[in-house]
Amino acid sequence: MREKIDSLMGRARTDLGELVAIPSVADPRQYPPEECLRAANWVVDRFAEAGFTGLGLHETSDGSRAVFGVRPAADPDAPTVLLYAHYDVQPPLDEAAWHTPPFELTESGGRWYGRGAADCKGNIVMHLTALRALGDDIGVNLKLIVEGSEEQGTGGLEDFVVRNPELLRADAILVCDTGNAAVGVPAATVTLRGLANVVVSVEALAGELHSGMFGGPAPDALAALVHILATLRDADGNTTVTGLDNGQTWSGAPYPAEQFRSDAGLVEGASLLGDGTVSDMVWARPAVTVLGIDCPPVVGSAAAIQSHARARLNLRVPPGTDAVKAQDALVAHLQAAAPWGVRVTVEREALGQPFEARSGGPAYRALAAAMREAYGREMAYLGQGGSIPLCNVFAETYPEAEIVLMGVEEPLALIHAPNESVDPGEIARLAHAEALFLSGYRK
Ligand SMILES: [Zn+2]
């Protein structure tokens with residue numbers, strides 16, 4: 001199998017080059033929608049070659065098109081595996097920051113650079129390489145869903161799943177849009193944090209006042225907001241929202257502190273926050289981030305006391321905590337923390353529940369065995385600090401399904417940033433593991 005995969009990597013390079021050359025950013029204000037259509041049709045053509053039938057484009061509620069197809073097994077009792085990826089990409093952002101043209105797959109230092117090379121076109125090519133290696137020898141029923149607006153967060157596929165539950169029903173779902181902990185270290189991501197956003201507004205005065213004439217006794221809305229926000233962290237940097245547990249621990253693979261420092265790009269002398277390990281802090285515990293503050297910018301600011309100020313906050317909600325309760329706790333905390341009798345209002349924004357995969361079943365066992373053989377080491381169980389709402393929809397719609405998050409997007413891939421790249425060795429090893437999984441998985 002390994003040799004077969006190796007012999008297919010030239011084709012994988014060609015495929016990924018073709019796909020990366022299509023700027024399939026699903027935002028018509030930035031790129032023509034025809035580019036997404038081209039990418040969708042490219043996916044249809046390649047999976048048709050890989051034996052899929054019934055392939056077609058399904059329009060979703062946000063106007064994007066999802067590619068769906070099937071590849072039935074000879075044995076109707078064989079388990080069904082749904083393969084997921086997305087063909088849309090992030091925009092290149094700052095094009096001047098790219099060392100290579102973003103939409104031209106370019107090899108450098110053993111990696112392949114280009115927008116979407118990892119997220120998520122590298123995973124599409126991984127699926128294709130695994131399927132080509134297996135040829136006709138596939139013992140499971142396969143379904144394919146490749147969505148076209150994942151990066152926009154507009155929820156087209158989430159809605160499509162709810163409306164078409166039978167179409168996508170499967171025993172195991174490979175959500176291939178994450179990555180290993182590091183190159184060469186196989187992993188499945190088994191938890192995701194949820195989120196709860198709010199906007200907190202402070203009102204203290206009828207209007208702005210001269211800081212010389214009134215500064216001192218006059219309640220300052222911006223100072224009050226700073227005071228409120230400061231109560232959300234303790235001296236060690238732990239998130240401290242009253243009523244919200246912040247002492248959880250992570251039981252899967254550790255996230256080495258040195259690796260995190262380098263992945264996150266800490267300036268020299270800066271310390272990591274919190275009294276837990278890195279994996280506790282980023283996967284198992286809540287974290288609050290101030291996303292924005294409305295107040296006068298430095299340039300143009302005058303000697304005035306602010307009458308109003310507001311901030312937008314993002315709370316990451318760990319697995320095991322209900323996101324609604326976490327948002328309630330945050331709202332109550334902000335109101336209780338208001339100093340000097342100023343008026344505080346809190347507006348609720350986006351809410352997403354955390355996700356926890358059922359990881360003890362036959363699909364996970366088959367995947368662990370496949371990863372062991374392909375990588376020569378044990379598969380690690382990781383968390384992810386961010387949310388993938390689709391995983392919650394899959395879990396709610398198919399409570400019996402085993403959902404696996406995996407893929408070629410390891411930390412060096414710099415997904416969503418300039419100079420995104422993929423390690424072709426990861427495509428090869430994961431395609432190998434995927435092929436072994438599809439051969440070894442039985443209900
Ligand atoms: Zn992605």
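User: Why is N123 called buried in this model?

Analyst: Its relative accessible area is 0%, and buried means under 20% (exposed is over 50%, partly exposed in between, with a 1.4 Å probe and protein chains only). So N123 counts as buried. By the way, this is a predicted model, where local features need pLDDT of at least 70, side-chain atom pairs count only at pLDDT 80 or more, and totals for chains, interfaces and linings use all residues. Residues are numbered from 1 along each chain as its sequence is written, and side-chain values use heavy atoms, with hydrogens and water left out.

User: Which residues is N123 in contact with, leaving aside its neighbours within four places in sequence?

Analyst: A118, C176, D177, T178, G407, V408 and E409. Contact here means heavy atoms within 4.5 Å. N123 itself sits in helix α3, residues 121-134 (a helix is a DSSP run of H or I, at least four residues; a strand is a run of E, at least two; both are numbered from the N terminus).

User: D177 again! What makes it a donor of the zinc ion?

Analyst: Distance. The protein donors are H86 (NE2), D119 (OD) and D177 (OD), with D177 listed twice, and they lie 1.9 to 2.6 Å from the zinc ion. Donors are N, O and S atoms within 2.8 Å of the metal (3.2 Å for Na, K and Ca), so these pass; water is not among the atoms, so a site may look incomplete. D119 and D177 are both buried. D119 lies in the loop between β5 and α3, and D177 in the loop between β7 and β8, so the pair ties together parts 58 residues apart in sequence.

User: Why is the site of the zinc ion called irregular?

Analyst: The angles among its 4 donor atoms run from 54 to 150 degrees. Four donors are tetrahedral if all angles lie between 85 and 135 degrees; four are square planar and six octahedral if opposite donors are over 155 degrees apart and all others between 65 and 115; anything else is irregular. Neither four-donor pattern fits those angles, so the site is irregular.

User: How do you know that β9 and β14 pair?

Analyst: Count the bridges: there are 8, in the antiparallel sense. Pairing needs at least two bridges found by DSSP, so they qualify. One example is V199, whose bridge partner in β14 is E347.

User: And what makes β14 an edge strand?

Analyst: The open sheet has the order β11-β13-β9-β14, and β14, like β11, pairs on one side only.
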